[in-house]
Amino acid sequence: MSTPAAPGSVVGKPPPGRLARLGRGSGWQGFFFISPALVLLGALLVYPVVWTVRLSVDKGRRQLEPHEFVGLDNFKRLLTDDRRFLDLSEFPPSGALINNLRWIVLYTALCVILGLAIAVLASRVRYESLIKAVIFVPMAISATAVAMIWLFVYSPDPDQGVLNAALQGINSGFDPISWVGREGTVNYAIIFAYVWASTGFAMVVLSAALKGISTEVIEAARTDGATDWAIFRRIQLPLLSLPIAVVTVWLIINVIKVFDIVYVMSGGGPSGASEVIANRYFIETFDGGKGGYGAAMAVIMLLMIIPIMAFNIRRFRSEAVTR
Amino acid sequence: MTRYRTFLVLLPALVVALALVAAGCGGDDEGSSKSTGTVSVFSLWGGSERDAFQKVLTGFTEKTGIKAKYEQGRDFLPILRPRIAAGNPPDVAIIPRPGVVADFARDGSLKTVEEIGLDTDALTENLSQSYLDLGTVDGDLYGIVVKANSKNTIWYKPASFKQLGVQPPEDWQGLLQIADKMRSEGKKPFAVGAQGSTNSWTLTDWFENIYLHQAGPEKYQQLFTGELPFTDPTVKTALGEMTKVISDENVPGGIQGVLGTDFVTSIGQVFGTNAKAEMHGQGGFVGGIAIGQVNTKLKPITDIDFFDFPTLNPAYKGALMGAGDQAVAFTSNDDVKALMEYLASPEAGEIWAKTGAIISPNKAVPDSAYPNELAVKEAKQLKDAETFRFDGSDLLPGTLGQSWATTLQAIIQNPDKMDQELQDFQSSAEGEFEA
Amino acid sequence: MAVVETAATPRTTLSERLVGWISRTPVHIALVVLALIWLVPSVGLLVTSFRKRPDIAASGWWEAIGDLDFTIKNYSSVLDAQNMADAFLNSLFIAVPSTILPLMIGALAAFAFSWIAFPFRDTVFLAIVALMVVPIQAALIPVLKLFRELDITDSFIGIWLAHTGFALPFAIFLLRNFFITLPRDLIEAARVDGASNLHIFSRVVLPLSVPALASFAIFQFLWVWNDLLNALIFVQNPDQRPLTVTIVNLQSAYGAEWHLLSAGSFILMLLPLLVFFSLQRFFVQGLLSGSVK
């Protein structure tokens, strides 16, 4: 599947010259083509972001409308005085923001490592497509369904939850653990469920990249007596660094926004232990009616994503140049 | 060829145009709206409770010819708020938290009973003053209490008690002794379901009962209206008693099990076929759910019964903690008026009471309307109560009620962190009570 | 063992093949374990959805496999009493326009960004791509208020527009990156022949772009079908609720009714799984073109 230009590049331009001949009329037509998109984007993305920023410096408690300007109070409170959002008073720190960081590290690492491992392992067996399909299927499922599936697996009742039943089967003295009910385990339980659903993505991308590595190089290395592991470490892994980076960035961006799976699996509990920023936003805005406070959280989310996206775009650009 | 091209380009433009045209045509009416022959009613009941309310709505339609649509949602606040913000609220909602009603009233989202045109005399005739007070915010009456329940109950299995050779206890010490006895026989005395954010209210009920009976109605009211801090020693004492009951040895699966079990499952732990525990300390509606959903073979009084919440301080014996749901109106028109009137009437109260799902706050509903002795017992409790106090966590403003439940979840897990948890909660409470 | 010949020579002897297979055993074991972890959870819920309600509470589904004491009552109950059949249609009614609209509007714009020269073109394109950073939380309430102004909150139009708006940046990004890989000569030849941009778009570009269009369409369709948050906020009429919201409501205020939740979850998964298995190729392509070369 080779293509003449790089589809992933953001600013790759169509070749100049000939098109410029079209001059008259084409500019006008261009706007005609993009205007429906511009209208929708303006109304549904641009204007709302501006409005949300306006709301974030307001109390916003009358039917979620701005009515009382409070400056940066919401932000100050969020970052210094809201234990559920960010708690730096004791070690280890806690709060929704910390949970998102936990997700960013664990979820991303697990997806990439597992995805890569499966891509490599599967490439060695004949039933490769079957395995890949099995791992990939959960990607088609709604986070809501994933939450249900895993809530059931984690059930503290050993007559319902297969995890506790299995552990009890191995060690009959085992006390069933309430994986989603305990502060200490709930985050990992939810993260793992979502990893289960998302590893397919990493695997597919990395598997495609893996296959893109020329077999001649590998065979030559084999001839020289290199072991499989050495081949993996010295040849495949470095060549995969770009796809891995791409996958990682994509996963991180998704994780900053994660909501559905936490909402359905634990509602953020117990005691708010599993809340992520999106949950806090939901609760403060729709349970508490604090429109301004929630908007401040949305702005923080936006600020977290921007640098990562910028990094992504810059990398695409630099590639377009070096290739 | 031309037609195909044109079509391709025009289609998306057409859809966008349609949307804007719809905007132009739509009229937005903030005042009273026209009756349409249908009223929408929103609440959070599902299962057997929903079926029971449906009967009331059917009665309404038969009487007035106006159709009523029941709408349901798991988390009612995240459903109501966006709808209000979008100018699209249900006509009527039945809300279990007076704190939320107050929020919405002050928001300007609700219509007062006067605005709708209800007859306030009829209301004062049928509802006692404490119920009317509940629905009053800043001097105006917004909510009509249509459903009441007592939380002054602990449910048990008479057969188990007989086997153990004990009688329902009068006081707290008695209860603890029974629990000890049960443990010595290898049984778990209590079942509690406090999972996540949707079931944590069970802990708040336990605390409120203990606090009310130990510290008294006055302190109770002060605590939940922001006049008494949550760091007060009386709070700690009550929590100490609570952790004596909800402890690792007393419940199936220990504290972790409690936090991983939902409310209905916990009822099943006591009254289901595969019973794991003996007593259940939640409100009067447990009976309806136990018989209606968990184990339809249960016979009231013989298989399942309740005793009054035991006394801690004899001075407060007559105090009763309960809750109630209020009907409030977001829009004002003839259909809504008819529905609110109907819900406040003894007729509706009787139909509803017959289902066994509720106790009616309406004075004119006779005892005979209740389907079984358990309901009659509960109604009697409500009527005979010397002092009535509303469920504390429902009185708290904003998200404070939910926060309190979360704090309790943390406390039963780490009782030694109690002071810290209470302090943190108090500081967030102060912020809420101010706003 | 070093292979002396080129890679073209296959292993021929049985013993060599056997050795190869055995040395791969750890790989096989690892893959089987992984496959189990990936299959068991779903299978568990699937089996449960066919079990009788009291059985579910009484014993584990793994014990039930031998029993074969199954029922389809959960499904009939959830489709009928819980309105899941309606919810299914709602999901469909929401997902289809929410896929077609961004596809068409996005394709139009993407074409312009690829093959029409106009001032500020690249800047605008970059700005649109940058919009992909916006989390829905930053847009929820104002969009809701906007719908109130337009008085469309009680219809499907609201959620169609919401999904379209949120999907456009990605659609334009994806499709534009595909369109510019099309043979320049073809397009220029058409131009030389006097074809209008519209003609080039509909007669030249679109037919050649079916794989990319299909990839986006499937991706978007699944995304909308599986969405929860947008539906929670924008679908305000309970009669219009899609499957995701309906299932979450089954987690009633009192607890989890697994006999219903399991059946409901599978009804939710049915269509995506069907789409996935029949059109997997396109789905994968969509993922790849969005992120890698």
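# A tour of chain C and its interface with chain A

Across the interface of chain C and chain A, the rule finds 1 salt bridge. To see that bridge, select A:Glu65 and C:Lys145, whose closest N and O atoms are 2.9 Å apart. Looking at the side of chain C that touches chain A, colour helix H15 of chain C, which supplies the largest share with 16 residues. Please keep in mind along the way that this is a predicted model.

**Widen the view to the whole interface**

Now select the residues of chain C in contact with chain A: there are 108 of them, and they meet 105 residues of chain A. Between these two chains, 10 residue pairs are in polar contact, with both partners at pLDDT 80 or more. The size of an interface is often given as the accessible area lost when the parts come together. Here, the area buried between chain C and chain A is about 9600 Å², and carbon and sulfur atoms give 77% of that.

**Follow helix H15**

Return to helix H15 of chain C, which runs over residues 258-291, and pick out C:Gln285 within it. Is C:Gln285 buried or partly exposed? C:Gln285 counts as partly exposed because its relative accessibility is 21%, and the buried class is reserved for values under 20%.

Next, show the neighbours of C:Gln285. Leaving aside residues up to four places away in sequence, C:Gln285 touches C:Pro211 and C:Ser215. For a longer line across the chain, draw a distance from C:Gln285 to C:Val40: the C-alpha atoms are 27 Å apart in space, and the two residues are 245 apart in sequence.

**Turn to a nonpolar patch**

Select C:Leu46, C:Phe50, C:Leu68, C:Phe70 and C:Ile72 together, and show them as a surface. They make a nonpolar surface patch of about 470 Å². Zoom in on C:Ile72, one of its members. C:Ile72 sits in the loop between helix H4 (61-64) and helix H5 (73-80) of chain C. C:Ile72 is classed as exposed because its relative accessible area is 61%.

**Step back to all of chain C**

Finally, show chain C as a cartoon. How many helices and strands does chain C have? The cartoon should show 15 helices and 0 strands. Of the 293 residues in chain C, 62% count as buried. Chain C exposes about 11700 Å², with 68% of that supplied by carbon and sulfur atoms. Among its contacts between residues at least 6 apart in sequence, 74% join residues at least 24 apart.

Conventions. Residues are numbered from 1 along each chain as its sequence is written. Chains are lettered from A and ligands numbered from 1 in the order in which they are written. This is a predicted model: local features need pLDDT of at least 70, side-chain atom pairs count only at pLDDT 80 or more; totals for chains, interfaces and linings use all residues. Side-chain values use heavy atoms; hydrogens and water are left out. Patches are made of residues with over 30% relative accessible area and no salt bridge: like charges are joined within 9 Å, nonpolar side chains (Val, Leu, Ile, Met, Phe, Trp, Tyr) within 5 Å. Accessible areas come from the Shrake-Rupley method with a 1.4 Å probe; for residues, only the protein chains shown count as cover. A salt bridge is a side-chain nitrogen of Lys or Arg within 4 Å of a carboxyl oxygen of Asp or Glu. Helices (H or I, at least four residues) and strands (E, at least two) are DSSP runs, numbered from the N terminus. Buried means under 20% relative accessible area, exposed over 50%, partly exposed in between (1.4 Å probe, protein chains only). Contact means heavy atoms within 4.5 Å. Buried area is the accessible area (1.4 Å probe) that two parts lose on being put together, summed over both. A polar contact is a pair of N or O atoms within 3.5 Å; within protein, one must be able to donate a hydrogen and the other to accept it, and residues adjacent in sequence count only if both atoms are side-chain atoms.
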